[in-house]
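Opened the notebook for a quick pass over this chain. I want the overall layout, a helix pair, the salt bridges and the surface, in whatever order suits.

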Amino acid sequence: MTTTSPQATDRIDPVHAQLQYQLAVFARRMEQVRTSGGGVGPLDRAAYLLLDRLERHGPANVKALAEALGVDSSTVTRQVAPLVAAGLVGRVQDPADRRAVRLALTSHGAGRLSEVRDGRAELTRRLMADWPPEEQRAFCALLARFNHAMESYTADQQGQ
């Protein structure tokens, strides 16, 4: 697959035609890197984001995780099951309600997350090695801005 985009149609201006195509190529390439190991080892996007959330914010119940990640509780339940089975996530009592259970990152999960995060950071450094630092920062800022716009759009759509 090449990274040149198709011509814009009458309905789509050239910038947005190019952008939507580049985003599709980006998603495909990210999946190729993930499934090939890319020097990182397999950990899918959902698992990575769940582990990262638990590391950054501590133990949480399924509902809180679902809200934070913008998915259904049933989706979190399905995604966390293999993480519990692998020993990356454990179930702990909620100190506020002894009947309730929260999910927590285990030491094994923290180690795995660190390993994957380090591998991904190294891959990003290699891919951007010939980019000037200011372009790397600009790309990061613009990608974060784009992700925030998608998050806001999704929240607005769900609120309607």
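**Entry 1: helix 3 against helix 4**

I started with a packing pair, and I'm keeping in mind that this is a predicted model. Helix 3 and helix 4 come out roughly perpendicular to each other. I looked up the numbers behind that: the angle is about 105° and the axes are 8 Å apart. The call follows because anything from 65 to 115 degrees counts as roughly perpendicular. Helix 3 covers residues 62–69 and helix 4 covers residues 73–85.

Which residues meet there? From helix 3 I get Val 62, Lys 63, Leu 65 and Ala 66, and from helix 4 I get Ser 73, Val 76 and Thr 77.

**Entry 2: stepping back to the whole chain**

I then checked the layout. I count 6 helices and 2 strands, and from the N terminus the order reads α-α-α-α-β-β-α-α. So that I don't forget the bulk figures: 22% of the 160 residues count as buried. The exposed area of the chain is about 11300 Å², with carbon and sulfur atoms supplying 56% of it. On contacts, I took residues at least 6 apart in sequence, and 46% of those contacts join residues at least 24 apart.

**Entry 3: salt bridges around Asp 52**

How many salt bridges are there? My count comes to 7. I went to Asp 52 next, since two of the bridges I looked up end there.

One partner is Arg 56, with N to O at 2.8 Å. Asp 52 and Arg 56 are 4 residues apart in helix 2 (residues 45–57), so about one helical turn separates them. The other partner is Arg 117, with N to O at 2.6 Å. Arg 117 sits in helix 5 (residues 107–127) and Asp 52 in helix 2, so this pair ties together parts 65 residues apart in sequence.

Is Asp 52 buried or exposed? Asp 52 counts as buried, because its relative accessibility is 13% and the cut-off for buried is under 20%. Its partners read otherwise: Arg 56 counts as exposed at 57%, and Arg 117 as partly exposed at 24%.

**Entry 4: a bridge inside helix 5, then the network**

I also pulled up Glu 122 and Arg 125, whose side chains meet in a salt bridge at 3.3 Å, N to O. They are 3 residues apart in helix 5, which means about one helical turn between them. Glu 122 is partly exposed, with a relative accessible area of 36%, and Arg 125 is exposed, with 51%.

Before leaving the bridges I checked for shared partners. Asp 52, Glu 55, Arg 56 and Arg 117 are joined into one network that way.

**Entry 5: a nonpolar patch on the surface**

Last stop was the outside. Which residues make the nonpolar surface patch? Leu 19, Leu 23, Phe 146 and Met 150 do, over about 300 Å². Helix 1 (14–35) and helix 6 (133–159) each supply at least two residues of the patch.

I looked closer at Phe 146, which is found in helix 6. Phe 146 counts as partly exposed, because its relative accessibility is 31%. I noted that figure since patch residues need over 30% relative accessible area.

Notes: Residues are numbered from 1 along each chain as its sequence is written. This is a predicted model: local features need pLDDT of at least 70, side-chain atom pairs count only at pLDDT 80 or more; totals for chains, interfaces and linings use all residues. Side-chain values use heavy atoms; hydrogens and water are left out. Patches are made of residues with over 30% relative accessible area and no salt bridge: like charges are joined within 9 Å, nonpolar side chains (Val, Leu, Ile, Met, Phe, Trp, Tyr) within 5 Å. Accessible areas come from the Shrake-Rupley method with a 1.4 Å probe; for residues, only the protein chains shown count as cover. A salt bridge is a side-chain nitrogen of Lys or Arg within 4 Å of a carboxyl oxygen of Asp or Glu. Buried means under 20% relative accessible area, exposed over 50%, partly exposed in between (1.4 Å probe, protein chains only). Axes are lines fitted to C-alpha atoms, for helices over the stretch in contact, and angles run from 0 to 180 degrees between N-to-C directions. Angles under 35 degrees count as roughly parallel, over 145 as roughly antiparallel, 65 to 115 as roughly perpendicular and the rest as oblique. Contact means heavy atoms within 4.5 Å.
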